[in-house]
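Visitor: I have a structure open here and would like to talk it through. Could you take a look with me?
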Amino acid sequence: DIPMTFRKTLIAGMIAIACTGLLTNPTFAKGNGQQQAQAQVLSAAETQFLRFMREEEKLARDAYISLYQQWQLPVFNNISQSEQQHTDKVKALLQTYRIADPVTNDAVGVFQNTDLAALYATLMARGQTSALDALYVGALIEEVDIVDLQKSMRETTRPDIFNTYDNLMRASRNHLRAFVGQIQSQGIA
């Protein structure tokens, strides 16, 4: 039998540990690191949106690389570099949550998502017709990205994912302003 004073001390210690969250903290309880614990709490929607956003950010990067090669407008080169950082940030979240990366081939214009592959082809066809159309394509990509990020933000309960999406959305707004500025500089309201 455990002496009553030891039992009280043991119970008090367990309560103290539980109150600090150590017993319920998946990292402590499982000993496998925070990444595995976090992977278990993502919803199917959160996983789907992360995978989609990885390729959508890649689509923006790829489009701007291609449009820069065609028209040599610095705005495309500058923003393509930013989009590379965006797709890398989403990739880091995929790695954190141990989600398979849909970007298995990082070549320009290659996508697993067939809808994004078709959208890329459509946008490139339009963007190749004139420099102005290319700028419209850039603005459209950013507008669509903002809408998709807003949807993604509504579907997550994870602060790290939400904050990443929020940062990406702010950048997309800046990119949109840059494209609109380029369009307006050509005398178009």
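Visitor: Which helices do the buried residues of H5 pack against?
Guide: Bearing in mind that this is a predicted model, the buried residues of H5 pack against three partners, namely helix H4 (44–71), helix H7 (131–154) and helix H8 (159–184).

Visitor: And which residues in H5 are buried?
Guide: The buried set in H5 includes Val 75, Phe 76, Ile 79, Glu 83 and His 86, and further along the helix Val 90, Leu 93 and Leu 94 are buried as well.

Visitor: What does H5 reach from its first C-alpha to its last?
Guide: Helix H5 covers residues 74–96, which makes 23 residues, and its end-to-end reach of 34 Å is close to the 33 Å expected at 1.5 Å a residue.

Visitor: Switching to rings: how many aromatic pairs does a search of the whole structure find?
Guide: The search of the whole structure gives 4 aromatic pairs. One of them is formed by Phe 76 and Phe 179, a tilted pair with 5.5 Å centre to centre and 40° between the planes.

Visitor: Where do Phe 76 and Phe 179 sit in the chain?
Guide: Phe 76 belongs to helix H5 and Phe 179 to helix H8, so the pair links distant parts of the chain, 103 residues apart. Both Phe 76 and Phe 179 are buried, and together with Tyr 64 they form one aromatic cluster.

Visitor: Why is the pair of Phe 111 and Tyr 120 tilted?
Guide: The planes of Phe 111 and Tyr 120 are at 55°, with the ring centres 5.5 Å apart, and the pair counts as tilted because that angle falls between the cut-offs of 30 degrees for stacked and 60 for edge-to-face. Phe 111 and Tyr 120 are both buried.

Visitor: What sits over the ring of Phe 111?
Guide: That is the charged end of Lys 58, which is placed over the ring at 4.5 Å from its centre.

Visitor: Now the backbone: which residue just after H5 takes a positive phi?
Guide: Just after H5, Arg 98 takes a positive phi of about 55°, although Arg 98 is not a glycine. Arg 98 lies in the loop between H5 and helix H6 (114–127).

Visitor: What about phi of Gln 72?
Guide: Gln 72 has a positive phi near 55°, again in a residue other than glycine, and Gln 72 is found in the loop between H4 and H5.

Visitor: Why does Gln 72 count as partly exposed?
Guide: Its relative accessibility is 47%, and Gln 72 counts as partly exposed because buried would require under 20% and exposed over 50%.

Technical notes. Residues are numbered from 1 along each chain as its sequence is written. This is a predicted model: local features need pLDDT of at least 70, side-chain atom pairs count only at pLDDT 80 or more; totals for chains, interfaces and linings use all residues. Side-chain values use heavy atoms; hydrogens and water are left out. Helices (H or I, at least four residues) and strands (E, at least two) are DSSP runs, numbered from the N terminus. The expected span of a helix is 1.5 Å times one less than its number of residues. Buried means under 20% relative accessible area, exposed over 50%, partly exposed in between (1.4 Å probe, protein chains only). Contact means heavy atoms within 4.5 Å. Rings of Phe, Tyr and Trp (its six-membered ring) pair if their centres lie within 6.5 Å; planes under 30 degrees apart count as stacked, over 60 as edge-to-face and the rest as tilted. A charge sits over a ring if NZ of Lys or CZ of Arg is within 6 Å of the ring centre and within 35 degrees of the ring normal.
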